[in-house]
Amino acid sequence: MVRSSLWMLVSTFLFAVMAVLTKFATESLTVWEIIFFRSLCGVILCAAVLKRRRITVRTVHPWRHLLRCAIGTSCITLGVVALKLLPLGTAQTFNYSGPLWFCLFLSIAAAMKGERLERPLLLAVAAGFAGVLLVLRPDIPTEAMTGALVGVVVGFLGGSADFMIRDLSHHREPPERIVFFFTLAGTVTGFIGSLATGFSGLTTGSALLLLGIGVSATFAQLALTVGWTYGHPILNAIFQFAGIPFAVFFGFLLFGETPDLIAALGITLVAASGLAASLIRMRSEKRALAETSSAASSGK
């Protein structure tokens, strides 16, 4: 189980590589082209996996898939925009704020059901959003402010997408089908957007960038799936947030990006709080499952 969690570390590294290639690609390609070619690789792979495992694409929850696809496609599209406007580390920090939103949604859902709210979880979420505010400060340039606002929306949509994936899983939808519809939606959206804005004349360099984006994104998703399926949940959560230091390192090495003290503090706070919130949530879910099992056994 511990060894399988190393796939989560592989996943975060590959997602960081994908972010680097995407940032390079935004200099010569449109957002829609990047989304199209990234998603196309995914949909081809998912179709092959569905066929091999004999999983049908027929579903009894089309509206849930539609909502998940709309949220997820909007998230990755705006994520590319954020990478174009922001330093790599900052853009990825907003992207990894998704677990904070996810935990906030869970807390709201629990409050609506009249369940007890966990104070440590709320404190972790509050600290994380304080970190977001440190990154999102008013003295940054206008273009960076626009990118930061886009980044906040990306984090919100990422948390919403995770919430929808959780909902679909509770309705016994296989992950292969969920990912297939998501990549299909990205492919269609990217193609329509590219038709509207026009396809760029691909050079050898841009074609290699697109290939690298598609391959790294696909294998990152595969590694992520293996990690969450067979790995240790706590190690998975720890390794998941390794994506932020990976992005900061690549940003410094390849783009000469060095966050100032306030931004660095905000980035650290978001990563630490997101990790803490994820661990607290997993502990709570494990305790709730144990209590349910205990009650069921007593009922017998």
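This section describes selected helices, helix contacts and individual residues of a predicted model.

Helix 2 covers residues 31–52 and contains 22 residues. The distance from its first C-alpha to its last is 32 Å, close to the 32 Å expected at 1.5 Å a residue. The buried residues of helix 2 are Val 31, Glu 33, Ile 34, Ile 35, Phe 36, Arg 38, Ser 39, Gly 42, Val 43, Cys 46 and Leu 50. A general property of helices is useful when reading such a list: an α-helix has 3.6 residues a turn, so residues three or four places apart point the same way. In helix 2, Ser 39, Gly 42, Val 43, Cys 46 and Leu 50 are among the buried residues.

After helix 2 comes Arg 54, which has a positive phi. The value is near 55°, and Arg 54 is a residue other than glycine. Arg 54 lies in the loop between helix 2 and helix 3, the latter formed by residues 62–85. Its relative accessible area is 79%, and Arg 54 is therefore exposed. A second arginine with a positive phi is Arg 172, where the angle is about 65° although the residue is not a glycine. Arg 172 is placed in the loop between helix 7 and helix 8, and helix 8 comprises residues 175–197. With a relative accessible area of 77%, Arg 172 is likewise classed as exposed.

Two pairs of helices were examined for the geometry of their packing. In the first pair, helix 4 consists of residues 88–95 and helix 11 of residues 243–255. Their axes come within 7 Å and cross at roughly 160°. Helix 4 and helix 11 are therefore roughly antiparallel to each other, since angles over 145 degrees are assigned to that class. The crossing of helix 4 past helix 11 is right-handed. On the side of helix 4, the contact is formed by Leu 88, Gly 89, Gln 92 and Thr 93. On the side of helix 11, the contact is formed by Ile 244, Ala 247, Val 248, Phe 250, Gly 251 and Phe 255. In the contact of helix 4 with helix 11, six residues are nonpolar, four are polar and none is charged.

In the second pair, helix 5 spans residues 98–112 and helix 6 spans residues 119–135. The two axes come within 10 Å and cross at roughly 140°. This angle makes helix 5 oblique to helix 6. Helix 5 passes helix 6 in a left-handed crossing. Helix 5 contributes Leu 100, Trp 101, Cys 103, Leu 104 and Ser 107 to the meeting of the two helices. These residues meet Leu 121, Leu 122, Ala 124, Val 125, Gly 128 and Phe 129 of helix 6. The contact of helix 5 with helix 6 includes nine nonpolar and two polar residues, with no charged residue.

Ser 273 belongs to helix 12, which runs over residues 261–299. Ser 273 is buried, as its relative accessible area is 5%. Apart from neighbours within four places in sequence, Ser 273 is in contact with Leu 100, Ala 124, Ala 127 and Gly 128. Of these partners, Leu 100 also takes part in the contact of helix 5 with helix 6, as do Ala 124 and Gly 128.

A further residue of helix 6 is Ala 130. Ala 130 has a relative accessible area of 33% and is therefore partly exposed. Although Ala 130 and Leu 269 are 139 residues apart in sequence, their C-alpha atoms are 7.7 Å apart in space.

Another buried serine is Ser 160, which is located in helix 7, residues 142–170. Its relative accessibility of 11% places Ser 160 among the buried residues, because the limit for this class is under 20%. When residues up to four places away in sequence are not counted, Ser 160 touches Ile 71 and Phe 105.

Finally, Ala 82 is part of helix 3. A relative accessible area of 2% means that Ala 82 is buried. Leaving out neighbours within four places in sequence, Ala 82 contacts Ala 91, Gly 147, Val 150 and Gly 151. Ala 82 and Gly 266 are 184 residues apart along the chain, and a distance of 17 Å separates their C-alpha atoms.

Definitions and conventions
Residues numbered from 1 in each chain as written. Predicted model: local features only at pLDDT ≥ 70, side-chain atom pairs only at ≥ 80, totals over all residues. Heavy atoms only, no water. Helix = DSSP H or I, 4+ residues; strand = E, 2+ residues; numbered from the N terminus. Buried < 20%, exposed > 50% of the residue type's maximum accessible area, 1.4 Å probe, protein only. Contact = heavy atoms within 4.5 Å. Axes fitted to C-alpha atoms, helices over the stretch in contact; angles between N-to-C directions. Parallel < 35°, antiparallel > 145°, perpendicular 65-115°, else oblique. Left-handed = near helix turned anticlockwise from the far one by under 90°. Nonpolar A, V, L, I, M, F, W, Y, C, P; charged D, E, K, R; others polar. Expected span 1.5 Å × (residues − 1).
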